[in-house]
Amino acid sequence: MKLAHGIIALKGIIKRELWRFLRQRERFIASLVRPLVWLFVFAAGFRSTLGIAIIPPYETYILYEVYIAAGLIGMIQLFNGMQSSLSMVYDREMGSMKTLLVSPLPRWFLLTGKLLAGTFVSIMQAYAFLLIAWFYDIQAPWLGYVTLLPALILAGLMLGALGMLLSSFIKQLENFAGVMNFVIFPMFFMSTALYPLWKIKESSELLHTLASYNPFSQAVELIRFALYGQFNLYAFLYTLAAFVIFMAVAVWGYNPSKGMMVKKGGGPS
Amino acid sequence: MSTTLAVQTLSYAYGNKAALKNIDFTISKGECTILLGPNGAGKTTLFSLITHLYDSRDGQILINSLDIKKQSCEALANLGVVFQQTTLDMDLSVLQNLHYHSSLHGMTRKTAAARIEEELERQGMLERQHEKVRQLNGGHRRRVEIARALLHKPSLLLLDEPTVGLDVPSRKGIVDHVHTLCKNDGLSVLWATHLIDEIHPSDQMIVLHQGEIKAQGSVNEVCDGDSTDDIAQTFKQLTVAKA
């Protein structure tokens, strides 16, 4: 593969995702409404019942809304990752995935390009959310908004790769709802997005163990620290490892000779 | 005449169910080969293997002497495809769809713009380039797909039942256009269909049934081989009587 060809193709894949995204304004609004409802309604309601002690990266007592903000950014990326995977299943059913897969580029590159495109969209959503949150007095240091970017890229890639992995295993669009219930909700609720680990430990050891091994928790922690200009090495390595594993399985899943598409005997449509 | 596509002893199975058995044929430069077979004959499976959407352990596929398994990127660069189902992005404009495709083939914006204009002009679709694909009728969508498949100047064009659902004038327009491309541009074509009236007397023919090639050669050769003078009769005999 020539470098110039790769760059042109990557730009094309990202541009297509952006065109699609801009044409689907409801998707953008929905992606913002979800975390905002959690922020304005859920977090406001729980503010008095859930006190947060001083834990890194926060240097003082914080309101619950401030704690939950990082988790809600993670939520945006989690839903976006699943949305991308849903669109890949849809594209496969509708046939437009074929256009991508028959182009003269290595499959891993095409899938990575698709993943980067989805991550790019999720980052725009995350910053739009942070802008609204800023007016709601959830304000991070200015530098945090910059250091957040690499964290969002890695977290977005990891969650997008998970979505891609799922899409390679899901044969039909109808099966997707089940996966949403079995993947998104457990991942979100059994994580540090809504409550810190020590708080979960107080209630259940099992939940605490599950939450600490949940890659989504580590992605949220990576985001949380980055938003305050800090680097969480453990969260970074954990998220990176999860990304590499998910991506490898996803590429395997889309391999024409070894993947699940063949094993299922689904055959071409 | 040089060989554009060579399919050699190709077999494929979905689990235990054989979809293609020992398929062998070649397509030369500028040749239009009609792959004729009833529904379920294995046409789409064959296309999926040629486009490397699927991989087969048995047999070999060469596009311009490039092995689709070992040199898939180089081989696919020579290939243009129109799938049975529309693969255009409905929410994007004609132009956006074509630019997306050109970027996947590594074409610079300037080259792409010139090629898009040329192909849309040839398809009589230039004036509709800014319209959303969703607003186009079936025939026009097909024309856009053919323009797209030819953007990167492939040497082999695969058409998987491209006229399904189209009215008679649209079908005739596409059939004539593709034959002109073979004649004037030296494009090689593999056209899967189950519609007899899409065959020109000058075409090569492959009759596929239940995953096996039942007959192949020029239209006359295939008809002579079955002692009939009519393609429809031959097709019926090959796919019904021997079923």
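Among contacts in chain A between residues at least 6 apart in sequence, what percentage join residues at least 24 apart? The figure is 77%. Keep in mind that this is a predicted model.

## Chain A at a glance

Chain A is a helices-and-loops affair as far as the assignment goes: 12 helices and zero strands. Walk along the sequence and the pattern reads α-α-α-α-α-α-α-α-α-α-α-α. The chain has 269 residues, and 56% of them count as buried.

## Helix α2 of chain A

Let's zoom in on α2(A), which covers residues 25–46 and so has 22 residues, by the DSSP run that defines a helix. From first C-alpha to last, α2(A) reaches 31 Å, close to the 32 Å expected at 1.5 Å a residue. There is still a kink in α2(A), of about 25°, and Leu39(A) sits at its centre.

Leu39(A) is also one of the buried residues of α2(A). The others on that list are Arg27(A), Ser31(A), Leu32(A), Pro35(A), Leu36(A), Trp38(A) and Ala43(A).

## Two helices side by side in chain B

Over in chain B, have a look at α5(B), residues 138–150, and α6(B), residues 168–185. Two packed helices are described by the angle between their axes and the distance between the axes. For this pair, the axes come within 10 Å and cross at roughly 15°. That angle is why α5(B) counts as roughly parallel to α6(B), the cut-off being under 35 degrees. The crossing of α5(B) past α6(B) is right-handed.

Which residues make the contact between α5(B) and α6(B)? On the α5(B) side they are Gly139(B), Arg142(B), Ile146(B) and Leu150(B). On the α6(B) side they are Ser170(B), Ile174(B), His177(B) and Leu181(B).

## His140 and Lys153 of chain B

His140(B) belongs to helix α5 of chain B. With a relative accessible area of 16%, His140(B) falls under the 20% cut-off and is therefore buried. Leaving aside residues up to four places away in sequence, His140(B) touches Met125(B) and Arg128(B).

Lys153(B) is in the loop between α5 and β7 (156–160) of chain B. Is Lys153(B) buried or exposed? Its relative accessibility is 59%, so Lys153(B) counts as exposed. Lys153(B) and Leu187(B) are 34 residues apart along the chain, with 9.0 Å between their C-alpha atoms.

## Asn97 of chain B

Asn97(B) lies in helix α3 of chain B, residues 94–104. Its relative accessible area is 3%, so Asn97(B) is buried. Setting aside residues up to four places away in sequence, Asn97(B) touches Leu88(B), Asp89(B), Leu92(B), Val133(B) and Arg148(B). Ala113(B) is 16 residues from Asn97(B) in sequence, and the C-alpha to C-alpha distance is 12 Å.

## Positive phi values in chain B

If you're checking backbone torsions, here are two residues to look at. Asn22(B), found in strand β2 (residues 17–28) of chain B, has a positive phi of about 50° although it is not a glycine.

The other is Ser65(B), in the loop between β4 (58–63) and β5 (66–67) of chain B. Phi of Ser65(B) is near 70°, again a positive value in a residue other than glycine. Ser65(B) has 60% relative accessibility and so counts as exposed.

Technical notes
Residues are numbered from 1 along each chain as its sequence is written. Chains are lettered from A and ligands numbered from 1 in the order in which they are written. This is a predicted model: local features need pLDDT of at least 70, side-chain atom pairs count only at pLDDT 80 or more; totals for chains, interfaces and linings use all residues. Side-chain values use heavy atoms; hydrogens and water are left out. Helices (H or I, at least four residues) and strands (E, at least two) are DSSP runs, numbered from the N terminus. The expected span of a helix is 1.5 Å times one less than its number of residues. The bend at a residue is the angle between axes fitted to the seven residues ending there and the seven starting there. Buried means under 20% relative accessible area, exposed over 50%, partly exposed in between (1.4 Å probe, protein chains only). Axes are lines fitted to C-alpha atoms, for helices over the stretch in contact, and angles run from 0 to 180 degrees between N-to-C directions. Angles under 35 degrees count as roughly parallel, over 145 as roughly antiparallel, 65 to 115 as roughly perpendicular and the rest as oblique. A crossing is left-handed if the near helix is turned anticlockwise from the far one by less than a right angle, and right-handed if clockwise. Contact means heavy atoms within 4.5 Å.
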